[in-house]
Amino acid sequence: MRNLTILTLFLSTANLFATTNPEVLLTSEKVLIEVSVEELAIFTHADYNAETEVLSFVTKENISIIQIFNSDGELEFSLPVMSNNVKINRNLFEEGLSTLGFILEGQSQLHSTQVTVR
């Protein structure tokens, strides 16, 4: 049942990005992160440190869980955060397209970003 829920969330995200123009949340030589206009509103800051290869995100509300999905929509990592500030090493993402999902505290909705690692 959990796999079906994850697949449904991933397909909903893919459909959202297919029907709208994504907004660029972060771009660098190594990483591109895009979000829908609706998802852009949860973030206050995003950054990539090329020297340490760390992605940093600050959200308006605390993040309870962050999830990383590979290009096939399979869940690779599900990490508890319990903060509005999270740092993720780029090596957790495979080269190409991945999905990074944020579940905010007190919510069940997955807020998705498309991550392209170059």
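Two strands are said to pair if DSSP finds at least two bridges between them. Keep this definition in mind during the tour of this predicted model.

**First stop: strands 3 and 4.** Select residues 43–49, which make up strand 3, and residues 54–69, which make up strand 4. These strands run antiparallel to each other and are joined over six bridges. Together they form a hairpin, with four residues between the two strands. In the turn, select Glu53, whose phi is positive, at about 55°. Next, select Ala46 and follow its bridge across to strand 4, where the partner is Phe57.

**Second stop: Phe43 and Phe57.** Keep Phe57 selected and add Phe43. The two rings form a tilted aromatic pair, with 5.9 Å from centre to centre and 50° between the planes. Phe43 belongs to strand 3 and Phe57 to strand 4, so this contact ties together parts that are 14 residues apart in sequence. Are these two residues buried or exposed? Both Phe43 and Phe57 are buried.

**Third stop: Phe102.** Now add Phe102, which is found in strand 6 (residues 96–104). The ring centres of Phe43 and Phe102 are 5.1 Å apart and the planes meet at 85°; planes over 60 degrees apart count as edge-to-face, so this pair is edge-to-face. Because Phe43 is in strand 3 and Phe102 in strand 6, the pair ties together parts that lie 59 residues apart in sequence. Phe102 is buried, as is Phe43.

**Final view.** Display Phe43, Phe57 and Phe102 at once: these residues form one aromatic cluster. The structure as a whole holds three aromatic pairs, including the tilted pair of Phe43 and Phe57.

How values were computed
Residues numbered from 1 in each chain as written. Predicted model: local features only at pLDDT ≥ 70, side-chain atom pairs only at ≥ 80, totals over all residues. Heavy atoms only, no water. Phe/Tyr/Trp six-rings, centres within 6.5 Å; stacked < 30°, edge-to-face > 60°. Buried < 20%, exposed > 50% of the residue type's maximum accessible area, 1.4 Å probe, protein only.
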